[in-house]
Amino acid sequence: MICSLITSFLLQTRRAEVKLAVSMVEHNVPFAVADHFSPLLKECFKDSPTAQSFKAARTKMSCIINEAVAPPFRKELVMKMRTNPFTLITDGSNYTGREKMNPLTVRVCDSDLSKVVHRFLDMCPTSGPNCGTAEVIYKKMDEAMQKNAIPWRNCVSLSVDNAPVNTGAKNSIASRAHQEHGSIYIHGCPCHIIHNTAKQAGQAFLEVCGFDPEDLAVDVGYWFKGSTNRRKGYLTEFCELHGSEYMEMLMHVSVRWLSLEKCLTRILQQYEPLASYFKSLNDKQPRFRRLVEAFSDSITEVYLLFFQATFPVFSTFNLLLQREKSSIFLLHDEMRGFIRKLLSKFLKPAALQHRELHEICFKEPSNQLPGEKLVIGFTTRVTHNRLLEAGAITPQQVQRFQKAAVAFLERAWEYPLT
C-alpha cells in the first residue's frame with residue numbers, strides 16, 4: 001500500500017515535470033528559465049505535495065525533451081517518411097561558434113490528423129572551414145536519411161533558399177539530391193525572391209539617381225545606435241522644436257525581410273527634426289557628412305516617400321507567403337496580381353488590357369505613362385509638387401527622379417522572371 005502511494009505520488013510529480021517541459025518547447029521558452037521553477041512553485045503552492053517535490057532545472061528539462069519525449073515522436077515521423085511522400089526543408093544558421101546548425105525539417109501527411117504537418121528531423125551540425133559548402137551540408141543530410149533508413153525516392157521536393165550553394169546547377173545541394181532521385185522538385189524560397197526583387201529594383205534606382213535607401217537607413221541607424229545622450233538629446237530638442245514626438249531610430253539589417261520599409265517610415269516620421277539636426281550640427285565623421293548631404297537635399301524626401309509608397313506592394317505579397325496556413329491555391333493569382341500592380345504604376349491601362357503578362361511590351365515608350373502621370377503615391381506627388389513650386393528642387397531633379405522610378409519598376413518586373 002505504501003509502495004503504491006509512493007509510486008502514484010512520483011507519477012504525479014513526473015507528469016508535472018514532463019508537461020512543463022513540453023509546454024516550454026511549444027512556446028519556445030529557453031530552458032534557462034526552468035532554473036527558477038522549483039523554488040517558485042514551492043513558494044506559490046506550499047500546500048501541494050507535487051509542487052514541493054518538483055525538481056527540474058535546465059539540465060533535467062533538456063534530458064526530458066531529448067531523451068524521453070523526442071525519441072517516440074522521431075520514431076513516428078521516421079515511420080511515416082518510410083512509407084509516404086514528403087518534402088525536406090533546410091536552412092543554415094549564422095556561424096557563431098564551433099558548429100554551424102543546418103536544421104532539417106519535414107512536411108509529410110499525417111493520416112491520424114488528416115493533414116500535412118511540419119516536423120523536425122535532425123539538426124545536421126557541420127564544423128570546420130568547409131562547414132558551409134554543399135558537399136559537407138548534403139553529407140550530413142544524407143547521413144540523417146541513411147541513419148533512419150528513409151528512402152530518397154519518397155522525397156518529392158526539397159525546399160531551400162536561393163543561394164548558389166543550395167540551388168546551383170552544379171556542385172550544390174540540389175544537384176546532389178537529383179543524383180539520388182532525379183524527380184525531386186527544388187523549391188526556392190519565394191519570400192527570398194521577393195526580397196531580392198525589391199533589392200535589385202533599388203539598385204536600378206541607385207544607378208539612375210545615385211540614391212540608395214539602404215545606405216541612408218543604415219547610416220541613420222548606426223549614427224544613433226548606442227550613441228551618447230548628446231546625440232539623442234540634441235535630436236529630442238529638435239523634435240520639440242518641430243512639435244513632433246521623439247522616436248528611436250530603427251536598425252536596418254539587409255538580410256531581414258521587410259525591415260527597410262519600417263526603417264524608412266520611421267525616418268519620414270522624424271524627417272524635419274532629422275534634417276534640422278544634421279544641418280545644424282557639425283561633425284567630421286564620414287557618416288555624419290553623408291547624412292548632412294542627404295538631408296540638405298530636398299529631393300531626398302521625395303525619394304523616401306516614393307519607396308514608402310512602393311514597398312507595400314512587396315511586403316504585402318511577402319507576408320502572404322509567410323503565413324502559417326497553406327496558400328498554394330492562392331499563389332498563381334497573387335503572383336499575377338503582384339506583377340500587374342507593379343506594371344500599373346508606370347504603364348498605360350491600354351497596354352495592360354486583354355494581354356497576358358508575357359505579351360506586355362513594358363519597355364515600349366508609347367506604352368509607358370508620362371513622368372507626371374506615374375503612380376508614385378499621393379503624398380509623394382503632393383510633396384514633389386510643393387517642393388518644385390517652392391524652388392527647393394529643380395526640373396532636372398524631377399526628370400531624374402521620374403527616370404529612376406521607371407527604372408525601379410522595370411527592374412522589379414524583370415528580375416523575378418529571369
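These legends accompany several close-up views of a predicted model.

**View 1. Phe314 and the largest nonpolar core.**
Let's start with the largest nonpolar core, which counts 69 residues. The residues with the most contacts inside this core are Phe205, Phe224, Phe278, Phe295, Phe314, Leu343 and Phe408. Helix 14, spanning residues 299-322, gives the most to the core, with 13 residues. If you centre the view on Phe314 and set aside residues up to four places away in sequence, you will find that Phe314 touches Ile194, Thr197, Ala198, Phe338, Leu342, Phe408 and Ala412. Phe408 thus appears as a contact of Phe314 and also on the list of residues with the most contacts inside the core.

**View 2. Another core, apart from the largest one.**
Apart from the largest core lies another core, of 27 residues. Good residues to pick out here are Val78, Met81, Met145 and Ala177, which are among its members.

**View 3. The one cavity of 30 Å³ or more.**
How many cavities of 30 Å³ or more does a search of the whole structure find? The search finds one. About 30 Å³ of space lies in this largest cavity. Its lining is made by Ala217, Val220, Gly221, Met249, Leu250, Cys263, Arg266 and Ile267. By class, six of the lining residues are nonpolar, one is polar and one is charged. Helix 9 (213-224) and helix 11 (259-269) each supply at least two residues of the lining.

**View 4. Strand 1 and its two partners.**
Strand 1 covers residues 86-90, and four of its five residues are buried, so strand 1 is largely enclosed by the rest of the structure. With strand 3, strand 1 pairs in the antiparallel sense over five bridges. With strand 6 (residues 155-159), strand 1 runs parallel, and four bridges join the two. Thr87 is a handy residue to follow here: its bridge partner in strand 3 is Arg107, and its bridge partner in strand 6 is Ser157. Phe86, for its part, stands opposite Cys155 in strand 6. As a reminder for reading such a view, side chains in a regular strand alternate between the two faces of the sheet.

**View 5. Strand 6 on to strand 7.**
Four of the five residues of strand 6 are buried, so strand 6, too, is largely enclosed by the rest of the structure. Strand 6 pairs with strand 7 (residues 185-187) in the parallel sense over three bridges. Which residue of strand 7 does Ser157 stand opposite? The residue is Tyr185. Since Ser157 was met above as the strand 6 partner of Thr87, you can step from strand 1 to strand 6 through this pair, and on to strand 7 through Ser157 and Tyr185.

**View 6. Ile186 and Ala174, a strand residue and a helix residue in contact.**
Ile186 has its place in strand 7, while Ala174 is found in helix 7 (residues 173-180). Is Ala174 buried or exposed? Ala174 counts as buried because its relative accessibility is 4%, and buried means under 20%. Leaving aside neighbours within four places in sequence, Ile186 is in contact with Leu158, Val160, Thr167, Ala174 and His178. On the same terms, Ala174 touches Leu158, Asn166, Thr167 and Ile186. Two C-alpha separations can be drawn in for scale. Ile186 and Ser175, 11 residues apart in sequence, are 9.4 Å apart in space. Ala174 and Ile184, 10 residues apart along the chain, are separated by 8.7 Å.

**View 7. The hairpin of strand 3 and strand 4, with Ser114.**
Strand 3 (residues 104-110) and strand 4 (residues 115-122) pair in the antiparallel sense over seven bridges. Asp110 stands opposite Lys115 in strand 4. The hairpin has four residues between the strands. Ser114 lies in the loop between strand 3 and strand 4, and has a positive phi of about 60° although it is not a glycine. Its relative accessibility is 64%, so Ser114 counts as exposed.

**View 8. Cys124, another residue with a positive phi.**
Cys124 sits in the loop between strand 4 and strand 5 (126-127). Its phi is positive, about 50°, although Cys124 is not a glycine. Where Ser114 is exposed, Cys124 is buried, with a relative accessible area of 2%.

How values were computed
Residues are numbered from 1 along each chain as its sequence is written. This is a predicted model: local features need pLDDT of at least 70, side-chain atom pairs count only at pLDDT 80 or more; totals for chains, interfaces and linings use all residues. Side-chain values use heavy atoms; hydrogens and water are left out. A nonpolar core is a set of buried Ala, Val, Leu, Ile, Met, Phe, Trp, Tyr and Cys residues joined through side-chain atoms within 4.5 Å. Buried means under 20% relative accessible area, exposed over 50%, partly exposed in between (1.4 Å probe, protein chains only). Contact means heavy atoms within 4.5 Å. On a 1 Å grid over the protein atoms alone, a cavity is a set of points where a 1.4 Å probe fits but cannot get out, and a pocket is an open set with protein on both sides within 12 Å along at least five of seven lines; lining residues have an atom within 4 Å of a point. Grid points are joined across faces, edges and corners, and a volume is the space filled by probe spheres set on the points. Ala, Val, Leu, Ile, Met, Phe, Trp, Tyr, Cys and Pro count as nonpolar, Asp, Glu, Lys and Arg as charged, and the others, Gly among them, as polar. Two strands pair if DSSP finds at least two bridges between them.
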